[in-house]
Amino acid sequence: MTRLVVTTVGPASSVQDGGRPGSQRYGLAPGGAMDPLGLAVANILLGNDPFAAAVEIGPLGAAFTACDGALRLALAGASRVADIAGRPAAFDSTMIVKEGETLTLGNTRDGCFSYLALEGGIRGTPMFGSLSVNARAGMGSPYPRPLQAGDELPAQTAAIGSENRIELPRRADAPIRVIMGPQNDEFSEDAIALFLSTPWAVSAVSDRMGYRLEGPPLVHRHGHNIVSDGTVNGSIQVPGNGQPIVLMPDRGTSGGYPKIATVISADLGRLAQTPPGQRVRFQAVNLTEAHAELRAFADLIRTLPDRLRPADGSGVNIEALQDANLAGIAVSAIDPGTWQNERGESS
Amino acid sequence: MVQAGHKRYKPWARTVRPMADSSTPPRLLPSGDSAVTVEFGRSIDETSNLRVLALDQALSQEPVEGIVETVPTYRSLLVHYDPLKIRFDALGEKLIGLATLPSPPAQQSRRWRIPVVYGGEHGIDLEDVARSLQTTPDEIVTRHLRGDYRVAMLGFTPGWSYLSGLDPRLEMPRRHEPRLLTPAGTISIGGVQAGIQCLPGPSGWHLLGRTAVRTYQLNRNPVFLLEPGDRVSFVAVDAQIFAEQERAAEQGEWIADLVPS
């Protein structure tokens, strides 16, 4: 059977889809892609359901090899240097990886998570309606844990067809919007003003459960313990040290720290793509604005197929050039470094 | 509003069904753009939890289009909704209406009997708890066994069941230093709460024993054994029976018994 074999992979790389909401009342986190837009783009490029399972690749490099057949893949999300057997591979485009060829990815250049989708999706056994990995709960398919070298993802052999690319609106480099609460009354006006004015640094100990933020401590009015209540994706809880934690899809379903604010749905993926060390600011919006943004985000996802364009042919040209290159040196039409000499002249 | 942590539970009287005070409307607190916290109180108290469970049950009996899922906790019901399907105002009106019905629907409650091996390697804090409360380990076990518990909520990790109904004489603050790893099936107490922990994980509670019952187990029907609102009593077993039950649980047996309420 055709399959994508994981040749090398860093931590924080796992199969993720739209997640498995519906069992939070039993303590089961919904999980799912950290950046839903990245996942949707990779899938739509291939004609998959927008929230079909794909490989969510963490910040470090990775390599994948096509075995027993050619695969059609698509990359989206955080960009990185990518090549297939030496030929450059573009993000936001489909690509063919021929049998035996390896897709090699560098570290992320901007962001944290890239999405590698497979034509026809990843084959696995859904648990509670999802293939998403939740290692703590022992859930996920084909592997109930993050990916490791040697793992094999069964896939469909590339269908005959042409390659696509997609044109996306530029992601705003704006503050992350929040709705205040549900426990903002546990904080003084000064603490709230500090929360909204501070450029918070994303901590290196952030993960799929939560993003820890570093900045001036936020002081609670009545101590840092509340009676545990339910959490959502984007809940910003403030523990005793006053350093906020934004809860992510693998969060605990309940928590006992006051939640000062909640990131709006449309902006959570953008926050998830903020690398450690980089700073984020928060801006309070009301429910009407948040719902308008959510509708716009849903419209963007729904109309992604309208943004597909035939790949401009450079992929074909690269292949032709590669085949014609008798010396075996990789040449790329879109990477001048491979065909210009040191003086900048074409060879 | 009552401040958290100062109000104490009374142990449940089995024959009395406490009436939830339904006169005060709950507070509606948006939790982001796709969920609302329906808050009945700020402390751990029986009345709030009953109203939470009653609203949860009302919503399961008469599903509201646009509600995605509900998560009961001690003092609030978290309602996840799809804002593309229902407007916040319309949802809020429905929730307030259901939450202030003059007579909330009676709780359907099942009762589970859950076996526990107490003390020793299985409950490493039993002796310390007895010392702190100036009594004997046997007395601690007796007080824990006599409790008539209700699953107030599940949360944190899959199957972690928070129980109300702990004997107030077992109330003690959580550990200063939470343990990073406590075993699967841990039976513990913390503050005014009792707990059944399913998966291994961190905990700041006091470990009294272990059960072979897995409140969460994949490839078993049902995957989740306990529901919010279920009643629970414990029964003591020895280490040998615990070991046998562990093997049976591994094979997918429930181990917990459903008993007539």
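Me: How many residue pairs are in polar contact across the interface of chain B and chain A?
Reply: In this predicted model, the rule finds 19 such pairs across the interface of chain B and chain A, both residues being at pLDDT 80 or more; a polar contact is a pair of N or O atoms within 3.5 Å where, within protein, one must be able to donate a hydrogen and the other to accept it, and residues adjacent in sequence count only if both atoms are side-chain atoms.

Me: Which strands of chain B supply at least two residues each of the side that touches chain A?
Reply: These are E1 (27-30), E2 (35-39), E3 (67-72), E4 (76-81) and E6 (149-154) of chain B, strands being DSSP runs of E with at least two residues, numbered from the N terminus.

Me: And how do the residues on that side of chain B divide?
Reply: They divide into 25 nonpolar, 13 polar and 7 charged, where Ala, Val, Leu, Ile, Met, Phe, Trp, Tyr, Cys and Pro count as nonpolar, Asp, Glu, Lys and Arg as charged, and the others, Gly among them, as polar.

Me: What about salt bridges between chain B and chain A?
Reply: The count is 4, taking a side-chain nitrogen of Lys or Arg within 4 Å of a carboxyl oxygen of Asp or Glu, and one of them joins Asp56(B) to Arg25(A), with the closest N and O atoms 2.7 Å apart.

Me: Changing topic, which strand pairs with E12 of chain A over 2 bridges?
Reply: Strand E12 (residues 200-202) pairs with E19(A) in the antiparallel sense, pairing requiring at least two DSSP bridges between two strands, and Ala201(A) has Arg279(A) as its bridge partner in E19(A).

Definitions and conventions. Residues are numbered from 1 along each chain as its sequence is written. Chains are lettered from A and ligands numbered from 1 in the order in which they are written. This is a predicted model: local features need pLDDT of at least 70, side-chain atom pairs count only at pLDDT 80 or more; totals for chains, interfaces and linings use all residues. Side-chain values use heavy atoms; hydrogens and water are left out. Helices (H or I, at least four residues) and strands (E, at least two) are DSSP runs, numbered from the N terminus.
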